[in-house]
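Student: I'd like a close look at one part of this model, the small sheet in the second chain. Could you walk me through it and set it in the context of the chain around it?

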Amino acid sequence: MKHRYLPMTEQDQKEMLETIGVSSIDELFSDIPEKVRFQGLYNIKEAKSEAALMKELAALAAKNADTTNNVSFLGAGVYNHYKPVIVDHVISRSEFYTAYTPYQPEISQGELQAIFEFQTMIAELTGMDLANSSMYDGGTALAEAGMLAAGHTKRKKLLVSGSVHPEYKDVVTTYAYGQSIEVVTIPTKNGVTDIEALKDLMDDQTAAVIVQYPNFYGQIEDLKLMGEIAHDHKGLFIVSANPLALGVLTPPGKLGADIVAGDAQPFGISENFGGPHCGFFAVTTKLMRKVPGRLVGETVDQEGRRGYVLTLQAREQHIRRDKATSNICSNQALLALAASVGMTALGKQGVRDMAKQNIVKTRYAKNAFESAGFTVPFQGAHFNEIVVKTNRSVTEINKGLLEKGIIGGFDLGRVDPEMANHALIAVTELRTKEEIDALVAEMGALQ
Amino acid sequence: MSHENQPLIFEITKEGRIGYNLEPLDVPDIDLGELLPAGYIREEAAELPEVSELDIMRHYTALSRRNHGVDSGFYPLGSCTMKYNPKINENVARYNGFANIHPLQDEDSVQGAMELLYDLQQSLVEITGMDEVTLQPAAGAHGEWTALMMIRAFHEANGEGHRNKVIVPDSAHGTNPASATVAGFETITVKSNEDGLVDLDDLRRVVGEDTAALMLTNPNTLGLFEENILEMAEIIHGVGGKVYYDGANLNAVMSKARPGDMGFDCVHLNLHKTFTGPHGGGGPGSGPVGVKAELIPFLPKPVLVKTEEGKYHFDYERPQSIGRVKPYYGNFGINVRAYTYIRTMGPDGLKAVTEYAVLNANYMMRRLEEYFDLPYNRHCKHEFVLSGRRQKKLGVRTLDIAKRLLDFGYHPPTVYFPLNVEEGIMIEPTETESKETLDAFCDAMIQIAKEAEATPEIVQEAPHTTVISRLDETRAARTPVLRYTKQA
């Protein structure tokens, strides 16, 4: 058949079959036993032309309420942020996106250097000694952190704060089951980890304490104290962090973290209905040789020129097989490149400016909700999210909001029955005063 | 490829330069000291670059010119299916209604996205011959582990939690044993026979009442179809185990043989290989898992279903589910690309894909067999493995051959894999390459084989034309420098 992706002509095919010494392509499949041979064609939709398919899929895309034409206050781990236009221009360079893992450094210096820069930026933001080249997402990165801690301490229990993203916690739990590791939830109090409860739960069998910074409710946790509690029992301290918040918050590395995992989606990566995003993984030097996934290191070539190469590969599945530190192979390299461009564009000043706008605008929203008579139950310091109590189902309110072009906050009742009628409202730098005022007014009207 | 050295972005930074543009704050400004607790305000700024927008574009453009992708040239990297990445995929994935939607929006507001995912699931059910598919796993290895966790849950539900062994052929991808470990299993290796296929006697020897599963790629990593697949499935099923299909090599059998018809109970696919999600420099991938009916209750949740009213819905009411393996629903953007590809090719197209992929591999194998050792001389599928042992005797290693290919502008094949071939050279051309490209590559390989005899030093000292020469990997590992540190 003729197809724009398939260059073989009939003449080509004839010559190639002659070289092979067979009379038909079918003969090349003669080793497939008759009994398992598939007959005919797949029962899937017929092919469409480029133009027709684009038209059809554009119509399908248009069925969705997007965060460009609507005003979004939905966060809960995935945020509607300023995305510098150049991010997409860089990752559209096909030398990057059509390459595979840079196993051949002589023709992959571009990718390797970009990853080395990514590792540096993540290490800088988190305040850790080093970072790897990326993980699938923040949730699996956190799960891998838990597995590393269990392996490192030879202990089989993880304490996970109830203020960690519930879907992240679910992923940690699934991974832990595979390794026969127990996961215990630390209760929360006023929207943050209950420190007394943590002290009671912490013991010498605990591999790590896992918390989120800022936590799922947008609150800033007392990392320093929790890190000390973990370390008092020789457990590790794992922090799932929003890297944008680290533009203004003291980095976990300065507060006792042994591992910082998270998602770099806030740096120029689209919401993408949940993926692909960009997990990151940063550790202290002590844990360097236990890190999952790929690491890029600097070295020199035979002439002494600086170059970059995948390194410490003895940790990885293609070398160590069943003894590897993780099974991860493909990662999120292209998104790490996107996040690098995002971090570079914001730069030293911008990451601080943008993070600060998130805090200040969220504070404005908090004041506006309270002035309008709403209760904001958690009164601790926040980053870009607050919890707002409502009189009725948040999902129902959100349906009304969408009619006004607003994507409302996350319905916390979806993950915790006790938090029914509570909305988790995210306010990023993109939200204007006018939009925030409109949200408060519309929610008031829909109560 | 550009030979200009490009400094690190941190080395072209200049204090005071910016590359961003935010709206001025339109709400009252508040000092951070009033908003954050003492000790939680960052004191030292993160040392991110300070560069202008043009600086950024020039930097990354320069880096891209020091990188080889499929669009730059031939990339016959065995087992990785480096085929053409269609550009329509990139456009569709960036449609506003796909790229800019939030995973936690009300289902009613994302029915278009859910319809696409559901239709992709159904297409993959047909292509694999399975009964249901989850799109949640982020990549191939993640899919392997997901499927093994389901197998584990299945055995436990049947009161057979003692089944703790996963059997893996010696030619398997490294992710197979690694995934088995992460899922809590022990790995047992089964040998290949002299034909490069799983040794059935050895398989019978290693199975037992502790067998949880067999993991198998078919065709295997030698590019050979495991003809005894039905017998193998019977052996495993006979002792109560499950048979798992590693879909890395699906490009070899589309419309020719389906895992579900070969006796497999579950399968993972690499949508970034067979279904053209680009490889992205190492990711992202997408690793859907298909299962037969018995394993459906254990699928990760939520499961995307279509209700009787024709609405798409994420079903969380799955009491036997292994749980969540990833936040949200998988790498949606890659799934959009794969769906676009399947709809571009249609049933006839996917069949042609496999036929040309196999034709191309066999053609190259026959053109090269005179110059290199061919350990398994029979029709291959989408890839084949040569051995460089003849050249090794001349003092030219397979690594040298790979490096010499760089001088011709090619990405080398996968080398030293699978492990059961000495000095292995694993070549996968894919269906999107023309005969001219295949011929030119074969000519280069033949020239290198001749050089190995006449002027081996040319090969041993290669590459000669790249932006850097061979790197000191020992130094990189012994004294790791994994980040830039600003000089005081």
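Tutor: Sure, and let's come at it from the outside. In this predicted model, 172 residues of chain B are in contact with 171 residues of chain A. On chain B's side of that contact, the biggest contribution comes from helix α10 (residues 332-368), which gives 23 residues. Sort the chain B residues that touch chain A by type and you get 89 nonpolar, 51 polar and 32 charged.

Now the chain as a whole. Chain B has 15 helices and 12 strands. Its radius of gyration is 25 Å, close to the 23 Å that the globule rule gives for 488 residues, so chain B is as compact as a globular protein of that length. If you want a box for it, the C-alpha atoms fill roughly 75 × 65 × 45 Å along the principal axes. Of the 488 residues in chain B, 59% are buried. Take the contacts in chain B with a separation of 6 or more, and 72% of them join residues 24 or more positions apart.

On to the sheet you asked about. Three strands of chain B make an open sheet, ordered β10-β12-β11, and the pairing is antiparallel. The edge positions go to β10 (384-387) and β11 (414-415) of chain B; each has a single partner strand, so one side of each is left without a neighbour in the sheet. As a reminder, strands of a sheet pair through backbone hydrogen bonds, either parallel or antiparallel.

Go through the pairings one at a time. β10(B) and strand β12 (residues 424-427) of chain B pair in the antiparallel sense over 4 bridges. To find your place there, put B:F384 opposite B:I427 of β12(B), then look for B:L386, whose bridge partner in β12(B) is B:I425. The other pairing, β11(B) with β12(B), is also antiparallel and runs over 2 bridges. There, B:V415 stands opposite B:I425 in β12(B). That makes B:I425 a handy landmark, since B:L386 is its bridge partner in one pairing and B:V415 stands opposite it in the other.

What about the faces of β12(B)? Both are covered: B:G424 and B:M426 are buried on one side, and B:I425 and B:I427 are buried on the other.

For comparison, here are some other spots in the model. The largest nonpolar core has 294 residues, and A:I238 and B:M150 are the ones that touch the most other members. Leaving out residues up to four places away in sequence, B:M150 touches B:C266, B:V291, B:L295, B:F298, B:L299 and B:I322.

Then there's helix α7 (residues 175-182) of chain B, where 8 of its 8 residues are buried; among them are B:N176, B:P177 and B:T181. After α7(B) comes B:G184, with a positive phi near 90°.

Last, a note from the records: an unreviewed UniProt entry annotates residues 164-280 of chain B as "domain: Aminotransferase class V". Over residues 164-280, chain B is 21% helix and 22% strand, with the end C-alpha atoms 36 Å apart.

Notes: Residues are numbered from 1 along each chain as its sequence is written. Chains are lettered from A and ligands numbered from 1 in the order in which they are written. This is a predicted model: local features need pLDDT of at least 70, side-chain atom pairs count only at pLDDT 80 or more; totals for chains, interfaces and linings use all residues. Two residues are in contact if their C-beta atoms, placed from the backbone, lie within 7 Å. Ala, Val, Leu, Ile, Met, Phe, Trp, Tyr, Cys and Pro count as nonpolar, Asp, Glu, Lys and Arg as charged, and the others, Gly among them, as polar. Two strands pair if DSSP finds at least two bridges between them. A nonpolar core is a set of buried Ala, Val, Leu, Ile, Met, Phe, Trp, Tyr and Cys residues joined through C-beta atoms within 7 Å. A residue is buried if 20 or more other C-beta atoms lie within 10 Å of its own, exposed if 12 or fewer, and partly exposed in between; C-beta atoms are placed from the backbone. UniProt positions are given in the numbering used here, feature names are shortened, and annotations may be inferred rather than shown by experiment. The radius of gyration is taken over C-alpha atoms; the globule rule is 2.2 Å times the number of residues to the power 0.38.
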